[in-house]
Amino acid sequence: MTIFDEFESAVQSYARSFPCIFNRAKNELLYDEAGNEYLDFLAGAGTLNYGHNNDLFKARLVEYIMADGITHGLDLHTKAKGEFLEAFNERILKPRNLDYVMQFTGPTGTNAVEAALKLARNVTGRENVISFTNGFHGVSLGALATTGNSHHRGAAGVSLGGSSRMPYDGYLGDGVDTTAYLDKVLGDSSSGIDLPAAVIVETVQGEGGINAASAEWLQQLESVCRKYDVLLIVDDVQAGCGRTGTFFSFEESGIKPDIVTMSKSLGGYGLPFAMVMIRPDLDQWKPGEHNGTFRGNNFAFVTAKAALDEYWADDRFAKDIKRKGEYVEKRLAQMAAAYGDGNFSTRGRGMFRGLNCVDGDLASKITRKAFANGLMIETSGADDQVVKILCPLIITDANLKKGLDILAAAIRDICAKESEMPEESDYFDNVQLVEPELTALAS
């Protein structure tokens with residue numbers, strides 16, 4: 001381990017949570033150099049929806065490499081790219097009645113977000129972008145400006161402008177439609193919020209704490225965008241590729257975004273790959289106006305097509321994700337009821353689930369205990385208070401149960417040692433305490 005301490009930057013994070021040397025992986029399992037086996041409920045932060053070293057993808061990739069297929073092609077036309085485009089159109093877009101052109105950016109999600117924001121501003125001639133509380137869109141400067149997390153924003157070193165923050169679904173409490181507030185703000189010339197080029201949103205906020213927007217809220221958000229001629233960007237980098245039970249996380253709401261960003265599991269095999277889906281009339285780029293040396297990974301085109309052909313040719317895979325997601329939801333609800341003193345709660349959709357433990361220190365203790373017992377699992381949320389379930393979608397039923405059993409045991413053991421369980425505090429309950437004081441002042 002000393003080689004990493006001596007030569008790798010202090011910026012490393014996951015390595016601190018899982019301090020061992022991994023050297024082999026298969027499907028939902030990871031192995032370290034000592035031969036210890038771990039169930040992977042981290043899955044490359046959502047990059048390995050189809051598991052580690054998927055046999056089908058590996059065979060296609062090896063075949064392509066052995067045939068001297070194009071490795072690096074800039075944005076040249078290649079056979080691998082053409083076959084992916086055709087498969088994506090036939091397997092994904094046509095069945096969903098969606099019409100997009102695809103732009104291949106640099107290889108990470110933040111590259112796709114940067115391109116989407118840049119295009120929206122160029123097309124509309126406006127600068128401002130609406131983003132949401134607890135949102136996360138990447139750590140390059142443009143994407144970071146739309147990200148809520150203060151830990152990441154604080155590392156920027158410069159002012160982060162060009163974005164106005166609005167409350168996400170549920171941020172102002174139950175029963176408050178925050179899209180109505182957005183509507184009011186955009187319709188008021190004295191609100192101080194400039195008419196934006198776009199609204200960017202995650203339908204489920206992964207890093208923000210597995211906050212899932214309702215279908216009704218998303219539909220209202222789309223209506224507000226249409227009312228003011230504002231482009232709607234859905235960031236599907238982490239929630240897409242089946243994670244919520246459908247290929248796109250926005251499908252069940254029925255909305256049709258103007259622009260969609262994708263990365264992470266899009267490449268299938270864990271290979272770097274990012275894409276922006278653009279409504280055809282918005283594709284107003286001039287040639288080379290937005291580029292990057294590694295735009296379009298031909299190895300990833302091969303494995304991405306294999307994923308589309310194997311898992312998305314019909315609805316069997318999607319149904320299996322929903323079935324497993326319902327099981328995860330049930331198990332988490334049982335854990336919350338058994339060990340949370342009425343304060344733990346579940347959240348998420350499909351196989352994008354979390355257990356809110358209220359306190360970040362407690363959640364971290366739970367994940368450390370789980371790792372000691374052979375389960376890799378992380379936390380998310382503003383205070384890292386949510387234990388985040390992000391296992392491969394192809395996980396066997398037996399290993400899904402085993403992983404959740406390990407998690408339940410960790411929660412039980414850690415909570416048993418707590419002298420006092422944390423209580424969820426409702427901000428708006430406290431605000432109401434001010435009302436009698438205002439009444440007294442008025443009288």
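**Close-up 1. C415, a buried cysteine in helix 14 of this predicted model.** We start with C415, which sits in helix 14, a helix covering residues 397-416. With a relative accessibility of 9%, C415 counts as buried, because the cut-off for that class is under 20%. For a sense of scale across the chain, pick out T108 as well: C415 and T108 are 307 residues apart in sequence, and their C-alpha atoms are 38 Å apart in space.

**Close-up 2. A salt bridge between helix 14 and helix 12.** Here the side chains of D405 and R331 meet, with 2.8 Å from N to O. D405 belongs to helix 14 and R331 to helix 12 (residues 316-339), so this pair ties together parts that are 74 residues apart in sequence. The two partners can be told apart by their cover: D405 is partly exposed at 29% relative accessible area, whereas R331 is buried at 12%.

**Close-up 3. The salt bridge of R412 and D413.** In this view the side chains of R412 and D413 come together, at 3.1 Å from N to O. R412 is partly exposed, with a relative accessible area of 40%. D413 is partly exposed too, its value being 24%.

**Close-up 4. D258 and R226 in a network of salt bridges.** Side chains of opposite charge can pair when their charged atoms come close. In the pair shown here, the closest N and O atoms of D258 and R226 are 3.0 Å apart. This contact links distant parts of the chain: D258 is in the loop between strand 10 (231-235) and strand 11 (259-262), while R226 is in helix 10 (residues 215-227), 32 residues away. D258 is buried, with a relative accessible area of just 1%, and R226 is partly exposed at 38%. Widen the view a little and the network appears, linking E222, R226, D258, R279 and D281 through salt bridges. For context, a search of the whole structure finds 28 salt bridges.

**Close-up 5. The largest pocket, with a volume of about 1500 Å³.** Of the 45 residues that line this pocket, the closest to its centre are S13, Y14, F136, H152 and E207. Several elements each supply at least two lining residues: helix 2 (14-17), helix 6 (109-124), helix 8 (150-153), helix 13 (360-372) and strand 16 (378-380). By class, the lining of the largest pocket divides into 17 nonpolar, 21 polar and seven charged residues.

**Close-up 6. The second largest pocket, with a volume of about 1100 Å³.** Which residues lie nearest the centre of the second largest pocket? Look for G170, Y171, N211, R347 and E424, part of a lining of 31 residues. Strand 9 (211-212), strand 13 (345-349) and helix 15 (427-431) each supply at least two residues of this lining. Strand 13 gives the most, with three residues. The lining of the second largest pocket has ten nonpolar, 14 polar and seven charged residues.

**Close-up 7. The largest cavity, with about 40 Å³ of space.** Rolling a probe the size of a water molecule over the atoms shows where empty space is left. The structure holds one cavity of 30 Å³ or more. The residues lining the largest cavity are Y50, F84, C241, F247, S265, L266, A304, A307 and L308. Helix 11 (residues 298-311) gives the most to this lining, with three residues. In class terms, the lining of the largest cavity has eight nonpolar residues, one polar and no charged.

**Close-up 8. V358 in the loop between strand 14 and helix 13.** Strand 14 covers residues 352-356, and V358 has its place in the loop between this strand and helix 13. V358 is partly exposed, with a relative accessible area of 21%. Do include V386 in the view: V358 and V386 are 28 residues apart in sequence and 7.3 Å apart in space, C-alpha to C-alpha.

**Close-up 9. A nonpolar patch on the surface, formed by M1, I3, F4 and F7.** Together, M1, I3, F4 and F7 have about 430 Å² of accessible area. One of them, F7, lies in helix 1 (residues 2-7). Is F7 buried or exposed? F7 is exposed, with a relative accessible area of 61%.

Key. Residues are numbered from 1 along each chain as its sequence is written. This is a predicted model: local features need pLDDT of at least 70, side-chain atom pairs count only at pLDDT 80 or more; totals for chains, interfaces and linings use all residues. Side-chain values use heavy atoms; hydrogens and water are left out. Patches are made of residues with over 30% relative accessible area and no salt bridge: like charges are joined within 9 Å, nonpolar side chains (Val, Leu, Ile, Met, Phe, Trp, Tyr) within 5 Å. Accessible areas come from the Shrake-Rupley method with a 1.4 Å probe; for residues, only the protein chains shown count as cover. A salt bridge is a side-chain nitrogen of Lys or Arg within 4 Å of a carboxyl oxygen of Asp or Glu. Helices (H or I, at least four residues) and strands (E, at least two) are DSSP runs, numbered from the N terminus. Buried means under 20% relative accessible area, exposed over 50%, partly exposed in between (1.4 Å probe, protein chains only). On a 1 Å grid over the protein atoms alone, a cavity is a set of points where a 1.4 Å probe fits but cannot get out, and a pocket is an open set with protein on both sides within 12 Å along at least five of seven lines; lining residues have an atom within 4 Å of a point. Grid points are joined across faces, edges and corners, and a volume is the space filled by probe spheres set on the points. Ala, Val, Leu, Ile, Met, Phe, Trp, Tyr, Cys and Pro count as nonpolar, Asp, Glu, Lys and Arg as charged, and the others, Gly among them, as polar.
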